[in-house]
Amino acid sequence: MSEPTTVFNNLYDYLSWELMQKGCLRYNDDISNAEVFDFVSELNWVCSNTKVDPIEVVFSSGGGGIYAALGMYDAIKSCGRATAFTCTGLVASAAAMIVLQAATRRRAHRNTRFLLHEPSRWIFMGVEKASTLRDEAEEMERLVAIIIGILVKRCGKSTVEVRHTIERKEVWMSAQEALVWGLIDEIV
């Protein structure tokens with residue numbers, strides 16, 4: 001393995017480097033384009049420079065953008081290695097419904113909390129035309145269908161069950177409830 005070409009800015013960067021060499025990644029942030037870019041870069045490095053299988057990911061996130069989460073999901077699914085996610089703290093929204101479901105094995109610590117809900121978007125001081133709102137509503141429905149498809153495939157629920165669970169409400173789950181629902185595979 002080659003040593004990094006940059007100087008470490010802090011202890012966290014150094015420890016992350018040490019873990020990456022052992023095939024372990026940490027993700028503890030909201031899901032945004034910048035954070036996903038960093039994670040995917042680290043994932044690609046681990047896939048190219050280690051033989052570790054499965055790649056271990058310690059995972060905690062309050063959720064974030066759907067498009068960024070779908071990008072992260074696709075990167076994990078196409079990395080060519082098994083991935084074992086261990087959830088800790090909070091795994092919410094796009095983190096629970098999209099990213100976590102890309103993992104080969106999904107584990108959680110006993111006190112981890114999960115949040116499921118239908119996608120939403122923020123509007124702040126905007127003026128929108130009716131035609132724009134219709135277009136955005138259609139896109140939101142396409143995104144809902146993608147998320148439901150991911151959960152149906154991974155959690156063993158029907159489309160009706162998943163839609164009923166997330167529609168118009170937030171559903172908080174303990175690790176035990178997430179295990180029963182099929183969101184995770186085991187509690188550690």
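Leaving aside its neighbours within four places in sequence, which residues is S174 in contact with? The first legend answers this for a model that is predicted.

**Figure 1. S174 and the residues it touches in the predicted model.**
S174 belongs to strand β6, which covers residues 170–174. Its contacts, once neighbours within four places in sequence are set aside, are T112, R113 and F114. The relative accessible area of S174 is 18%. Buried means under 20%, so S174 counts as buried.

**Figure 2. Helix α5 and its length.**
Helix α5 runs over residues 130–155, which makes 26 residues. At 1.5 Å a residue the helix should span 38 Å. The C-alpha atoms at its ends are 36 Å apart, which agrees with that expected span. After α5 comes G156, and the phi of G156 is positive, near 75°.

**Figure 3. The buried residues of α5 and what they pack against.**
Which residues of α5 are buried? They are M140, L143, V144, I147, I148, I150, L151 and C155. An α-helix has 3.6 residues a turn, so residues three or four places apart point the same way. The buried residues of α5 pack against four helices and a strand, listed here by residue range: α3 (66–77), α4 (94–99), α6 (159–166) and α7 (175–181), together with β4 (105–108).

**Figure 4. R163 in helix α6.**
R163 sits in helix α6. With neighbours within four places in sequence left aside, R163 is in contact with E141, V144 and I148. Both V144 and I148 are among the buried residues of α5. R163 itself has a relative accessible area of 29% and is partly exposed. R163 and W122 are 41 residues apart along the chain, and their C-alpha atoms are separated by 21 Å.

**Figure 5. Helices α1 and α2.**
Two packed helices are described by the angle between their axes and the distance between the axes. Helix α1 (residues 11–21) packs with helix α2 (residues 33–49) at an angle of about 40°, and their axes are 9 Å apart. The two helices are therefore oblique to each other. On the α1 side the contact involves W17, M20 and Q21, and on the α2 side E42, W45 and V46. Sorted by class, the contact of α1 with α2 has four nonpolar residues, one polar and one charged.

**Figure 6. Helices α2 and α3.**
The axes of α2 and α3 cross at roughly 5° and come within 9 Å. Angles under 35 degrees count as roughly parallel, so α2 is roughly parallel to α3. From α2, the contact uses N33, V36, F39, V40 and L43; from α3, it uses A68, M72, A75 and I76. By class there are eight nonpolar residues, one polar and no charged ones in the contact of α2 with α3.

**Figure 7. The largest nonpolar core and I31.**
In soluble globular proteins, nonpolar side chains tend to be buried together. The largest nonpolar core of this model has 57 residues. Which of them touch the most other members? They are I31, F39, F59, I98, F114, L116 and L183. Not counting residues up to four places away in sequence, I31 touches V36, S61, G63, G64, G65, A68, A69, A94, A95 and V99.

**Figure 8. Backbone details in three loops.**
P54 lies in the loop between α2 and β2 (55–61). The peptide bond from D53 to P54 is cis, and its omega is near 10°. S93, in the loop between β3 (83–92) and α4, is not a glycine but has a positive phi of about 55°. The relative accessible area of S93 is 11%, and S93 is buried. R168, in the loop between α6 and β6, is not a glycine either and has a positive phi of about 65°. R168 counts as exposed, at 77% relative accessibility.

**Figure 9. V188 after strand β7.**
V188 is found in the segment after β7 (186–187). Is V188 buried, partly exposed or exposed? At 45% relative accessibility, V188 counts as partly exposed. Apart from neighbours within four places in sequence, V188 is in contact with T86, R107, A108, H109 and R110. V188 and A145 are 43 residues apart in sequence, and their C-alpha atoms are 31 Å apart in space.

Terms used: Residues are numbered from 1 along each chain as its sequence is written. This is a predicted model: local features need pLDDT of at least 70, side-chain atom pairs count only at pLDDT 80 or more; totals for chains, interfaces and linings use all residues. Side-chain values use heavy atoms; hydrogens and water are left out. The expected span of a helix is 1.5 Å times one less than its number of residues. Buried means under 20% relative accessible area, exposed over 50%, partly exposed in between (1.4 Å probe, protein chains only). Contact means heavy atoms within 4.5 Å. Axes are lines fitted to C-alpha atoms, for helices over the stretch in contact, and angles run from 0 to 180 degrees between N-to-C directions. Angles under 35 degrees count as roughly parallel, over 145 as roughly antiparallel, 65 to 115 as roughly perpendicular and the rest as oblique. Ala, Val, Leu, Ile, Met, Phe, Trp, Tyr, Cys and Pro count as nonpolar, Asp, Glu, Lys and Arg as charged, and the others, Gly among them, as polar. A nonpolar core is a set of buried Ala, Val, Leu, Ile, Met, Phe, Trp, Tyr and Cys residues joined through side-chain atoms within 4.5 Å.
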